[in-house]
Amino acid sequence: MKRQYIDCREFPSESKCTVAISADSADELLDIAVQHAVTVHKHKDTPELRKQLRAMFKRGMPPAEMPKAA
């Protein structure tokens, strides 16, 4: 099982969120990412949101710093 993550820094928002979440299981990561999206970003917990979030998962650990835009 490989570690996976999702990083809000990759998706600029009005809140300028800098949260990155990682977990060993995709199901655990999805549950936490949904909680974050609903609580912080005011999304509704829908099947579509869950599908979108799962598609954003990457393997490994989030980088300490995001690369600067060119």
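**Exercise 1.** Work out which side chains of strand E2 point to which face, and which are buried.

*Solution.* Start with the range: E2 covers residues 20-23. Strands (E, at least two residues) and helices (H or I, at least four) are DSSP runs, numbered from the N terminus. Next, split the faces. Ile21 and Ala23 point to one face and are buried (under 20% relative accessible area, 1.4 Å probe, protein chains only). Ala20 and Ser22 point to the other face and are not buried.

This is a predicted model: local features need pLDDT of at least 70, side-chain atom pairs pLDDT 80 or more, while totals for chains, interfaces and linings use all residues. Residues are numbered from 1 along each chain as its sequence is written, and side-chain values use heavy atoms, without hydrogens and water.

**Exercise 2.** Derive the strand order of the sheet, and explain why E2 and E3 have a side without a neighbour.

*Solution.* Take the pairs in turn; pairing requires at least two DSSP bridges.
- E1 and E2 run antiparallel, joined by four bridges. Asp7 stands opposite Ala20 in E2.
- E1 and E3 are also antiparallel, over two bridges. Gln4 faces Arg59 in E3.

The result is an open three-stranded sheet, ordered E2-E1-E3. E2 and E3 (58-59) are at the edges with a single partner strand each, so one side of each lacks a neighbour in the sheet.

**Exercise 3.** Find which strands H1 touches, and the angle its direction makes with that of E2.

*Solution.* Contacts first: H1 packs on the sheet and touches E1 and E2 (heavy atoms within 4.5 Å). Then the angle: about 155° with E2, between N-to-C directions on a 0 to 180 degrees scale, using lines fitted to C-alpha atoms, for helices over the stretch in contact.

Technical notes: Buried < 20%, exposed > 50% of the residue type's maximum accessible area, 1.4 Å probe, protein only.
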